[in-house]
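The exercises below concern nonpolar packing and charged pairs, and each is followed by a worked solution. Please keep the sequence and the structure in view while working through them.

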Amino acid sequence: MVNKNFKTMNLNKKITVCVFTHIIEASTNPYLDNRMLIDTIKSTSEVLNLKEVKFQIYIDAAMKRLYPKLYLKYVSKIQENLNNFIPELDVEIVKNTGETLRGNWECAMNNIDTPYMMFLEHDWKFIYDVKVKEIIKTLDECKEISYLKFSRFPLDGRSYPSHTLWEVYFEIENSLPKATIPLTRISFWSGNPHIMRVDAAKEFYIPLLEMNTPKNKAHGLSFLERDIKPLTEKCIKEHGMEKTHSMFGTYMYGKVPYPPVIEHTGDWCRKK
């Protein structure tokens, strides 16, 4: 029997798609016509059939402080591209944002009014459909899941587990009977596209970060995972993998075998 609540689920009240961006090469050769950003939003809408949800664009506030004229041009160009290429979507360019990816992420977590966030940086796109309503249904039923990552590599028994890819723990999840999606337990939070439980970020991840790695001691301006990973590793050392996993709640969508879900489009402009 199909769950009546599932049939009538209003995704607009369940998930906000947050896309994080900055001006590429702002200090040398500013790239203002960022079509990757549009492709990210367009693929999310089309491949995942997310046409009714709220999209929010978070521009790194350091751009406004350091390059105010460029920032205004960047905002204007984004709005022009939104109007030209995806006018049918509800996309907001958020005015009050945070500095660095971490600050922006925390800002978004405190700003949105849905229980789940889809996290996307501006240089990714979806290439394989995942059933977002089924994901939300599972997240509603399984509070153990705080973070659900989408893989850019095939789950074929060869890509993972991998120290290079940060997944030292990679175990098929079979202990959540209410889950209706394929799940694999993984080690670490990553800035790859994912869906996250907002309460988990606000009540566990953000306080943990502020307590152990204040922003003035952050490991990198753009790589939030570099702040989270050492805390996870410390927890693994002190409490073991299973206990750490239950605390951080990190999962990957899919299990062996499963195709890649996402593709990175910005290798040409990788952050240093």
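**Exercise 1.** In this predicted model, list which residues Ile 41 touches, not counting residues up to four places away in sequence, and then place Ile 41 within the largest nonpolar core.

*Solution.* Leaving out residues up to four places away in sequence, Ile 41 touches Val 19, Phe 55, Ile 57, Leu 82, Ile 86, Leu 89 and Val 91. The largest nonpolar core has 79 residues, and Ile 41 is listed with Trp 105 and Met 117 as having the most contacts inside it. In soluble globular proteins, nonpolar side chains tend to be buried together.

**Exercise 2.** Determine which parts of the chain are linked by the salt bridge between Lys 14 and Asp 140, and classify the accessibility of Lys 14 and of Asp 140.

*Solution.* The side chains of Lys 14 and Asp 140 meet with an N to O distance of 2.8 Å. Lys 14 lies in the loop between helix H1 (4-7) and strand S1 (15-21), whereas Asp 140 belongs to helix H6 (residues 132-141), so that the pair, 126 residues apart, links distant parts of the chain. Partly exposed covers the range between under 20% and over 50%; Lys 14, at 23% relative accessibility, is therefore partly exposed, and Asp 140, at 25%, is partly exposed as well.

**Exercise 3.** Work out how the salt-bridged residues Lys 42 and Glu 46 are placed along helix H2.

*Solution.* The salt bridge between Lys 42 and Glu 46 has an N to O distance of 3.0 Å. Because these residues are 4 residues apart in helix H2 (residues 35-47), about one helical turn separates Lys 42 from Glu 46.

Notes:
Residues numbered from 1 in each chain as written. Predicted model: local features only at pLDDT ≥ 70, side-chain atom pairs only at ≥ 80, totals over all residues. Heavy atoms only, no water. Core = buried A, V, L, I, M, F, W, Y, C linked by side-chain atoms within 4.5 Å. Buried < 20%, exposed > 50% of the residue type's maximum accessible area, 1.4 Å probe, protein only. Contact = heavy atoms within 4.5 Å. Salt bridge = Lys/Arg side-chain N within 4 Å of Asp/Glu carboxyl O. Helix = DSSP H or I, 4+ residues; strand = E, 2+ residues; numbered from the N terminus.
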